[in-house]
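Here are my notes on this model, point by point. Please read them with the coordinates open.

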Amino acid sequence: MPFIPHTPDDVQVMLAEIGAESIEDLFDEIPGELRVNELDGVPEGVSEMEMLGLMSARAAADVAGVCFIGAGCYDHHIPAAVWDLTARGEFMTAYTPYQAEASQGTLQLIYEYQSMMAALTGMDVSNASVYDGASGLGEAALMAMRANKKIKSRTILIAETVHPFYRETAQNIARHQGVEFKTIPVAANGLVDMSALDEVGEVTAVVVQQPNFFGLLEDVDAMTDWAGERGAFLIAVVNPLSLALLKPPGSWGSEGADIVCGDGQPLGIPMASGGPSFGFLCCRDKLVRQMPGRIIGRTEDLEGQPGFTLTLQAREQHIRRGKATSNICTNQGLLVTAATIHMSLMGACGLKQVAERCVAQTHKLVTALVSIPGVEERFCGPFFHERVLNLPRNSETVVSMLLEHGILGGLPLGEHYPGMEDALLVCATEKRTAGEIEHYRSALQMCLES
Amino acid sequence: MKKNAATIFELGKTGRGAMAQRVPSGGTPANIPESQLRKVQPALPEVSELQVVRHYTNLSAKNFSIDNQFYPLGSCTMKYNPRGAHGAASLPGFLGRHPLAPEAVSQGFLACLYDLQEILKDVTGMQGVSLTPMAGAQGEFIGVAMIRAYHEARGDLERNEILVPNAAHGTNPATAVMCGYKVAEVGLDASGDVDTEALKAAVGPQTAGLMMTNPSTCGVFERRIREISGVVHDAGGLLYYDGANLNAILGKVKPSDMGFDVLHMNLHKTFATPHGGGGPGAGPVGVGERLLPYLPVPMVGERDGVYRWMTEKDLPQSIGRLSCFMGNAGILLRALAYALMLGREGMHRVGEYATLNANYLASRLEKAGFELAYPDRRATHEFVLTFSKQAKSMGVTAMDFAKRLLDYGIHAPTTYFPMLIAECFLIEPTETETLEELDAFVSALAAIQREAQSDPERLLSAPHDLPVRRLDDVKAARELDLVWRAR
């Protein structure tokens, strides 16, 4: 009984109090035919030491080498203090802050988080986070449907340059409410094909990702103005780290974006197989009542001292049930804790320097790799920290070969973009050293020559 | 405790920073046009590393948590979160794994997911499990989406309604609506069981399914569950099991045997992963044979000891992907670590000792003069107490009792839920609490009851000894202050 504290005497005292003969008696209301006592598929219990032995062996088997994969999850440095503080039991083992007076730590922290995300995105407000960036886009789409009363069509335009998994997830979330997603194709230069927009009818919202899935910078000003002129909302999907360097969605075009979402992983969250991370969701003041999920507000206690509490709860499922803005019932509290501490440590300057170094390292990586005969940049426009390369052969095969050299070479794009079977999406974060980049270059050269 | 509520922003000064975290910049990128660059830096804090550490350490001290306090929050299963499980998920090989790393260098992680799928299948009696849902509510969404896919695949397109008992969690009706269904609620009888006559009257050709928890949110086991599942199945509907209360019957009853076709489990409850101040959770879904083709991807398959991802290519009728990668992978690893330590014997004991603790507490509270909502029923892993009499005779509500409990260093139970019971507490002690802790809870509530008689103001103005006094929720909603601005 690894975590049950009862001694045999305790059990006797408790049964006597209840007036039962045995623990089994406590299940006497359950019909006999439903009772089982066999769990053959569950192994016998082991000690913590044995469990850690097994898990350590498995974890060690997955140490694969130097990571040049991005595609929505990035290998950044995380300051030691971030998870030292986040893993404190007071943060990690607390529940949803429904009892505000007993949860001021979590509540104030989320208020600070909301403030930082609003600042970073250039928007008015943020919620307390949603599950991840992809599901956040689904929520953003539904939010646009509720909020944009001017447009009757239930169509959302989504750029083909948005992360394929985001597109898939958002559609799977929103389609049950009659939302139709139309894809704006990608042009030969790797950006949204603006000419395709002319043929589009009435739409509720337009979704654009900056930097886009290929790492390229879209003409977000033009996209935002195009949407604004037609009464459509502009939903921005962004990498929060890039916003220390790039123009924030609140300043796009003449009016700015309406809803901003994305994944918070670059802000102090380990890659950890992609989760848990968190999705952020920010918007204009006027849309806040259509926001899903938790929102924290500052208020006063009965002595007039400042304090923090859940607010606008009439949007949420535990109050409104079937009429809520979403069924979401948690945020990703612990990850938001890490991100808030991360942003506090880095500050605007620190994040900007990391962003700049990512750009610089990716330039070095691209320069090194295209020095190999047959390796070329697929697109030519300005980019952040990811780049698509054309290889002289199938990129999936090359990625497998690179594993032998301890290199996670990037994401082969053929599965996601038919016709791009030789293309590889590579990424270099601030962690990638000149030595690692040279190692990648020489390994790739060997693989291509073999 | 410190009353200071200064934000991190107010601690900063222009030019200050945690300089050990600064990396040599690559300089302003020459390739990015001026029009794409940020002109004004975001207003993030400018603070030293020590200021950050001190600020957030002090903030953490303003939280109640399982590690600090007894936390008998009904329907939330606030049991001990084993450090060993946290350690396992924090192993460098797991933390450093990129989600899109090739299968050849992911066998350790995939093996863990596969093992967890198998364990959860056995515990629930289901035929297939997908681990992708990132929370209980997302598991519900996925479950109902599968019910919809099932009916649609059969061309059974008239089913537009989901039934839920009126004691259900708010997520149930909200989920049904998100999946495009109407919601019809079914009442309970006086003993807390579903009113089966009302259910029979409610089902029909429009019924897509029924969502319910068992044990219910009233803290009792639904005794007529087989009859209920028969009624719904006969009408052509499917049964959804909300696994929020699985802790009560872990290893004792399998949802498949009760007639459920699809379910989600809350690993952050039953499998002891930390709640994190409100997430992350994980809500894997399990299905019976009829819904197997619709499970969300990715899942993990195995052949000859080699593990691989299963995608839409393997499951062409899948309802698809609902998270960017593999859900809350780190939570899944913690749940596996916990399950490995429990083992098959430990699983049985979870439900047994959770039930023992709840029944003991219910019995002691009843003898101390408190009123149980269902005194003639066995408590399951939780039970409902009602303060209706106190509210009527002394003018102190369940909320006042809850706030005063905080002063006694005990987190309040769930208040005002289930909504159909007036002035209620839903109390779930969990199996990891000692007899002494339960006795201390009884003593605290009894002491508060005496205060309610002698000095009700003490309750009405509680809490007294926390970082803040009772907060003004109305002001928070009317004068929205959601982001910090320099004042």
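1. Arg321(A) sits in the loop between α9 (317-320) and α10 (333-370) of chain A. Its phi is positive, near 50°, and the residue is not a glycine. Arg321(A) counts as buried because its relative accessibility is 11%. Bear in mind throughout that this is a predicted model.

2. Ser75(B) is a second non-glycine residue to look at, with a positive phi of about 70°. Ser75(B) belongs to the loop between α1 and α2 (83-89) of chain B. Buried or exposed? Ser75(B) is buried, since its relative accessible area is 5%.

3. Two cis peptide bonds deserve a check. One runs from Gln210(A) to Pro211(A), with omega near -15°. Pro211(A) lies in the loop between β5 and α8 (220-229) of chain A. Another joins Val297(B) and Pro298(B), and here omega is about 0°. Pro298(B) is placed in the loop between β7 (285-287) and β8 (299-303) of chain B.

4. Arg38(B) needs a careful look at its charge. Arg38(B) is buried but forms no salt bridge. Where is the nearest side chain of opposite charge? That side chain belongs to Glu356(A), 12 Å away. A salt bridge requires a nitrogen-to-oxygen distance within 4 Å, so a partner at 12 Å does not qualify.

5. What does the side chain of Arg38(B) reach instead? One target is the backbone oxygen of Leu243(A), at 2.8 Å. The backbone oxygen of Val40(B) is also reached, at 2.8 Å. Arg38(B) itself lies in the segment before α1 (49-60) of chain B. Leaving out residues up to four places away in sequence, Arg38(B) touches a set of chain A residues, including Ala119(A), Leu120(A), Lys247(A) and Pro248(A).

6. Salt bridges number 40 over all chains. Glu90(A) and Arg88(A) form one of them, at 3.2 Å from N to O. Glu90(A) is buried, because its relative accessible area is 17%. Arg88(A) has a relative accessible area of 27%, so this residue is partly exposed.

7. Arg290(B) and Asp261(B) also meet in a salt bridge, at 3.0 Å from N to O. This pair links distant parts of the chain, 29 residues apart. Arg290(B) is in the loop between β7 and β8 of chain B, and Asp261(B) is in the loop between α9 (255-258) and β6 (262-265) of chain B. Arg290(B) is partly exposed, with a relative accessible area of 40%. Asp261(B) is buried, at 10%.

8. Arg308(B) pairs with Asp314(B) in a further salt bridge, 2.8 Å from N to O. Arg308(B) is partly exposed, given a relative accessibility of 38%. Asp314(B) is partly exposed too, at 31%. Separately, a network of salt bridges links Glu24(A), Arg35(A), Lys252(B) and Glu352(B).

9. Ala135(B) is in the loop between β1 (128-130) and α5 (136-153) of chain B. Its relative accessibility is 2%, so Ala135(B) counts as buried. What does Ala135(B) touch, not counting residues up to four places away in sequence? The answer is Tyr131(A), Thr330(A), Gly281(B), Ala282(B) and Gly283(B). The C-alpha atoms of Ala135(B) and Asp261(B) are separated by 19 Å, with their positions 126 residues apart along the chain.

10. Why is helix α6 (residues 171-178) of chain B described as largely enclosed by the rest of the structure? Because seven of its eight residues are buried. Among them are Thr171(B), Asn172(B), Pro173(B) and Met178(B). Gly180(B) follows α6(B) and has a positive phi, near 85°.

11. There are eleven cavities of 30 Å³ or more. The largest holds about 210 Å³ of space. Its lining counts 20 residues, of which Gly72(A), Tyr74(A), Tyr166(A), Gln209(A) and Asn239(A) lie nearest the centre. β5 (205-210), β6 (233-238) and β7 (259-263) of chain A each supply at least two lining residues.

12. Last, chain A overall. Its secondary structure comprises twelve helices and 15 strands. The C-alpha trace spans about 80 × 60 × 50 Å along its principal axes. Of the 450 residues in chain A, 67% are buried. Among contacts in chain A with a separation of 6 or more, 72% come from residues 24 or more positions apart.

Technical notes:
Residues are numbered from 1 along each chain as its sequence is written. Chains are lettered from A and ligands numbered from 1 in the order in which they are written. Side-chain values use heavy atoms; hydrogens and water are left out. Helices (H or I, at least four residues) and strands (E, at least two) are DSSP runs, numbered from the N terminus. Buried means under 20% relative accessible area, exposed over 50%, partly exposed in between (1.4 Å probe, protein chains only). Lys and Arg count as positive and Asp and Glu as negative; His and the chain ends are not counted. A polar contact is a pair of N or O atoms within 3.5 Å; within protein, one must be able to donate a hydrogen and the other to accept it, and residues adjacent in sequence count only if both atoms are side-chain atoms. Contact means heavy atoms within 4.5 Å. On a 1 Å grid over the protein atoms alone, a cavity is a set of points where a 1.4 Å probe fits but cannot get out, and a pocket is an open set with protein on both sides within 12 Å along at least five of seven lines; lining residues have an atom within 4 Å of a point. Grid points are joined across faces, edges and corners, and a volume is the space filled by probe spheres set on the points.
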